[in-house]
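Open your viewer, switch to a cartoon view and keep the selection box handy. We will go from strand to strand.

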Amino acid sequence: MLRLALWASSGVSLVAALLTCSTILIGQILPTKQLSYVSAERDQSVIFLLDVYHRIKVPLIKDGYTPEWSPDGQHIAFYSTRNGGRDLYVMNALGRNIRRLTNNQANNASPSWSPDGQEIVFASDYNDAYGIFIMPVDCSSTFETCATRITPIDDYWYATPSWSPDGQRIAYVSTRDTTSVIDDSLGNGDIYIMERDGSRIRRLTNNYGEDYTPAWSPDSRYIVYSAQNIQFGTMELMIMDVDCATPINCNRLLFSDIVDLMPSWSADSSSIVFVDARDGTFEIFVTDVEGRYIQRLTYNDTDEISPRWRP
């Protein structure tokens, strides 16, 4: 694997430019096989672009987390602590033209784009209350003007929202049905879906363990997520049919190892990328949607997390 050691925080290497140009030239012939991910490179997080075919990885930006591609594959939303707080930013696919989206005292994270690329949904503990918010990507006013909370203000936890490709629903994690508001002694995160305006909330999972990081299939029918298996002490990847009438019968196991997290569906529906900790550090793997074939994509002594296919 080609490793590039030097980069500017707002710049890009020649290899990155050539990689992007080649993608533009062949993009109409071959499906995109690139993904972004975060690496703990030299004790600092770095967002990378990985060309899966050629095993070339290109550093895009330092101090970036949870990268999410815009629907057209030309921009990445992420959060960073580069200016002191945990705020949301957008950059282009080369790691340039960085623009700050939030500027408050809250922890803002886990951005997910609307299918038209005009808005993002994200999690924030603004005003000390965990919630899910939506805001226009091009809003240049204050957070209070731009952002709209679509979950209630309460003592529960709301996190990792994911916008369905058809634009109709948002999946997320919450403790709203399992956490005691009195002593916080109960509870674990379950997967929920809601309409774009926060209405018609429906609980999808009822697991004794924690459920994490839901991600939609391109047809907006299925969700892949990570589920804690209390019996075996593992984190498994599960797929659920969200339109199934009896949710208890709608789950199927995709893959199970020691710890499997952060799945992401490819735009062509053929594969799911995720992270696995079988060797002591998180590395990136890819599997088909039946979990039959597994391929390892990274081999490092640092954690590689938050993989996302480029559309």
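Which residue in strand 22 does Ile-272 stand opposite? Select Ile-272 and look across: its counterpart in strand 22 is Thr-287. Keep in mind that this is a predicted model.

Now widen the selection to residues 271-276, which make up strand 21, and add strand 22; the two are paired in the antiparallel sense, with six bridges. Follow the chain from one to the other and you trace a hairpin with six residues between the strands. Stop at Gly-280 in that turn, where phi is positive at about 100°.

Next, show side chains for residues 283-288, strand 22 itself. This strand is mostly covered, with six of its six residues buried. Glu-283, Phe-285 and Thr-287 point one way, while Ile-284, Val-286 and Asp-288 point the other way.

Move on to residues 294-296, strand 23, which pairs with strand 22 over three bridges, again in the antiparallel sense. Pick Phe-285 and you will find Arg-296 of strand 23 opposite. These two strands also form a hairpin, here with five residues between them. Gly-291 sits in the turn and has a positive phi of about 70°.

For the last stop, select strands 12 to 15, an open sheet of four strands in the order 12-13-14-15 with antiparallel pairing. Strand 12 (158-163) and strand 15 (202-203) each have a single partner strand, so one side of each lacks a neighbour in the sheet. Strand 12 meets strand 13 (residues 169-174) through four antiparallel bridges. Finish on Trp-163, which stands opposite Ile-170 in strand 13.

Note on methods:
Residues numbered from 1 in each chain as written. Predicted model: local features only at pLDDT ≥ 70, side-chain atom pairs only at ≥ 80, totals over all residues. Heavy atoms only, no water. Pairing = 2+ DSSP bridges. Buried < 20%, exposed > 50% of the residue type's maximum accessible area, 1.4 Å probe, protein only.
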